[in-house]
Amino acid sequence: MIRLLSSPPSPFVRKVRVLLLETGQDDVEVVDVTAHPMGGDASLNATAPLGKIPALERDNGPTLFDSGVICRFLDHRAQAGLYPEDRIWETLTLEALADGIMDAAVISVYEMRARPEEFWYQPWLDAQWEKVSRGLDALERQWMSHLHGPLDMGQIAVGCALSYLDFRHGDKSWRDGRDSLAAWHKRFAERPSMVETDPS
Ligand SMILES: N[C@@H](CCC(=O)N[C@@H](CS)C(=O)NCC(=O)O)C(=O)O
C-alpha cells in the first residue's frame, strides 16, 4: 500500500498527482494533511521529518520525499519514461527550474500568511518575485522547444508552477511579454490530469 500525503493547493503535490493520472497509477491513496512552516500535522512530521508535502508513505520502505524523488520513484514504478534517458539532464534541469519558481512563489505566500504584517519585508518579497521572473524569462527564451516535445516530468512541473502563479499570484500578470509560454500553458492546462487537479 502506498499513501501520498497531500493538500490540493500545493503545486509540489500537484506534480505527483498529475504524474499519477498521466501514468494510470490509481492504486495510490491520496491522504489530505496540513503542512505549515510553523508546524503542520503531527502525523506528517512523524513520517516526514521536514514536515513538507508531498511525502509518500510505503509499507515496505522509508517514506519518500521530496517531490522530485517521489516523481522519479513513481515514474520508475510505472516504467512510464517521464525521465527519458536521452534528455535526462535537460528534463531534470527543467524540473528544478519549475520547482525553484514554485519555491519562491510558495514562500512569498507564507511570508504574508505566517508572519504578522509588521514583520513583512517588501524587499525580500520583491527579490523572491525576481527569481520567479527570471525563471519565466528563461522558460520563454530557452525552453520552448523542449516544452513542445514529448511529455516528460519537466513539462509537468512547469505546468504546475505556472498554474500555481495563476492560483496565488494572479495579480502579477506573469504572461506579459511571454506569449509563447502563455500559449503553451493554455494548452497544457487543458490536459485532463491538470483539469482534475485544479485547486481553484
Ligand atoms: N522541495 C520540496 C518543497 C515542498 C514544499 O515546500 N511544500 C510545501 C507545501 S506547497 C510545504 O509542505 N510547506 C510546509 C513547510 O514549509 O514547512 C518538494 O519538492 O517537495
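**A buried arginine, a ligand site and salt bridges**

Arg14 is buried yet takes part in no salt bridge, and the nearest side chain of opposite charge, that of Asp198, is 4.7 Å away. A salt bridge requires a nitrogen of Lys or Arg within 4 Å of a carboxyl oxygen of Asp or Glu, so this pair does not qualify. In this predicted model, Arg14 sits in helix α1 (residues 11-22). Its side chain does find a polar partner: the backbone oxygen of Met194, at 2.7 Å. Leaving aside residues up to four places away in sequence, Arg14 touches Cys160, Ser163, Met194, Thr197, Asp198 and Pro199.

Attention now turns to the ligand. There are 13 residues around the ligand, of which Lys52, Ile53, Asp66, Ser67 and Tyr110 come nearest. One ligand nitrogen atom is 2.9 Å from a polar backbone atom of Ile53, and a nitrogen atom of the ligand is 3.2 Å from an N or O atom in the side chain of Asp66. The side chain of Ser67 has an N or O atom 2.7 Å from a ligand oxygen atom. Taken alone, the ligand exposes 510 Å², and the protein buries 87% of that.

Across the whole structure, 10 salt bridges are found. One of them joins the side chains of Arg3 and Asp59, at 3.4 Å from N to O. This pair links distant parts of the chain, 56 residues apart: Arg3 is in strand β1 (residues 2-6), while Asp59 is in the loop between β3 (55-58) and β4 (61-64). Asp59 is exposed, with 55% relative accessibility. Another salt bridge connects Asp166 and Arg175, whose closest N and O atoms are 2.8 Å apart.

Conventions. Residues numbered from 1 in each chain as written. Predicted model: local features only at pLDDT ≥ 70, side-chain atom pairs only at ≥ 80, totals over all residues. Heavy atoms only, no water. Helix = DSSP H or I, 4+ residues; strand = E, 2+ residues; numbered from the N terminus. Buried < 20%, exposed > 50% of the residue type's maximum accessible area, 1.4 Å probe, protein only. Lys, Arg positive; Asp, Glu negative; His and termini not counted. Polar contact = N/O pair within 3.5 Å; in protein donor to acceptor, adjacent residues only side chain to side chain. Contact = heavy atoms within 4.5 Å. Near = heavy atom within 4 Å. Areas by Shrake-Rupley, 256 points an atom, 1.4 Å probe, with all protein chains shown as cover.
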